[in-house]
Amino acid sequence: MNHVAGNPIAVNPIVELRRYTLHPGARDTLIELFEREFVTGQEAVGITLGGRFRDLDHPDRFVWLRAFPDMAARRRSLEAFYGGPVWRAHRDAANATMIDSDDVLLLRGPGFLPPPGAREVLATVCHPDPAAFEAFDAYAARHLAPEHALHRTEHAENDFPALPVRTGEDVRVWFGPTAEPPPWPHHRLRLEPVTG
């Protein structure tokens with residue numbers, strides 16, 4: 001176990017950062033369903049759930065993370081969950097809240113849970129120039145601590161194509177403020193943790 005933002009989570013090198021755009025006013029409906037049914041339903045098939053968040057700048061966006069030990073385990077767990085009884089029972093209600101669920105980054109990293117009592121978490125999605133990865137590593141060494149939970153793009157082929165992931169980009173994602181903004185294109189997500 002490691003400790004990211006004060007919370008113990010299993011070291012899971014494959015992480016999905018999922019950003020859903022929902023129909024106006026549907027976010028709390030999805031969150032209630034998610035927390036009631038999908039947390040334990042996913043954990044039962046070996047998926048580690050990370051933070052779940054309301055996007056403070058987009059009232060119709062839900063952001064969440066889940067993690068897997070490796071790509072083979074990801075495929076097995078996703079097949080079990082999306083072919084299983086929990087998803088079958090609740091998929092229509094969940095899908096009815098969503099406009100888009102395909103904004104997904106496949107990453108390698110430690111996963112992330114917000115510290116207890118956190119009211120806001122910052123997530124940075126950075127697009128360093130591929131020629132600047134050494135420079136990014138130097139930036140990270142100066143400005144990012146272990147609690148920032150740094151993640152990097154996983155370039156393995158998505159072997160569960162029923163759930164698309166973004167391809168053709170190489171990002172770095174971390175959580176928490178930095179002393180200095182990165183000198184590459186980036187955007188920040190202001191996130192409010194969902195309490196189960």
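Here's a quick briefing on the barrel, its helices and its salt bridges.

The model is predicted, so local features need pLDDT of at least 70 and side-chain atom pairs count only at pLDDT 80 or more, while totals for chains, interfaces and linings use all residues. Residues are numbered from 1 along each chain as its sequence is written, and side-chain values use heavy atoms, with hydrogens and water left out. At the centre of this briefing are eight strands that close into a barrel, plus a structure-wide set of 19 salt bridges.

**The barrel**

- Going round the barrel, the strand order is β3-β5-β4-β10-β7-β9-β8-β6, with antiparallel pairing. From one strand to the next, the twist averages 35°.
- On terms: helices (H or I, at least four residues) and strands (E, at least two) are DSSP runs numbered from the N terminus. Two strands pair if DSSP finds at least two bridges between them.
- Strand β4 (residues 48-55) pairs with strand β10 (residues 186-193) through three bridges, in the antiparallel sense. Across that pairing, R54 stands opposite E192 in β10.
- Strands β3 and β6 run antiparallel and are joined by eight bridges. T21 has D100 in β6 as its bridge partner.
- Strands β6 and β8 also run antiparallel, joined by two bridges. Here L107 has T153 in β8 as its bridge partner.
- A general point on strands: in a regular one, side chains alternate between the two faces of the sheet.

**Helices on the sheet**

- Helix α1 (residues 27-43) lies across β3 (14-22), β4, β5 (61-68) and β6 (98-108), and runs at about 175° to β4. Angles go from 0 to 180 degrees between N-to-C directions, using axes fitted to C-alpha atoms (for helices, over the stretch in contact).
- Helix α4 (residues 133-143) packs on the sheet, where it touches β7 (121-126), β8 (151-153) and β9 (172-175), and its direction makes about 10° with that of β9. Contact here means heavy atoms within 4.5 Å.
- Which residues of α4 are buried? They are F136, Y139, A140 and H143. These residues sit on the same side of α4, because they cover an arc of only 100° around the axis (the arc is that of the directions from the helix axis to the C-beta atoms).
- For burial, buried means under 20% relative accessible area, exposed means over 50%, and partly exposed is in between (1.4 Å probe, protein chains only).
- The buried residues of α4 pack against β7 and β9, while the face turned away from the buried side carries the exposed residues E134, A141 and R142.

**Salt bridges**

- A salt bridge needs a side-chain nitrogen of Lys or Arg within 4 Å of a carboxyl oxygen of Asp or Glu. In general, side chains of opposite charge can pair when their charged atoms come close.
- R74 forms a salt bridge with E16, and the closest N and O atoms are 2.8 Å apart. R74 lies in helix α2 (residues 71-82) and E16 in strand β3, so the pair ties together parts that are 58 residues apart in sequence. Both R74 and E16 are buried.
- R75 and D159 meet through their side chains in another salt bridge (3.0 Å, N to O). With R75 in helix α2 and D159 in the loop between β8 and β9, the pair ties together parts that are 84 residues apart in sequence.
- R75 is partly exposed at 28% relative accessible area, and D159 is partly exposed at 28% relative accessibility.
- R36 and E32 make a salt bridge within helix α1 (2.6 Å, N to O). They are four residues apart, about one turn of the helix. R36 is partly exposed at 43% relative accessibility, and E32 is partly exposed at 42%.

**The network around E16**

- Which residues are linked in a network of salt bridges? The network links E16, R18, R66, R74, R75 and D159.
- E16 is found in strand β3 and counts as buried because its relative accessibility is 0%.
- The side chain of E16 makes polar contacts with the side chains of R66 (2.6 Å) and R74 (2.8 Å). A polar contact is a pair of N or O atoms within 3.5 Å; within protein, one must be able to donate a hydrogen and the other to accept it, and residues adjacent in sequence count only if both atoms are side-chain atoms.
- Leaving aside residues up to four places away in sequence, E16 touches W64, L65, R66, F68, R74, L78, V104, L105 and L106.
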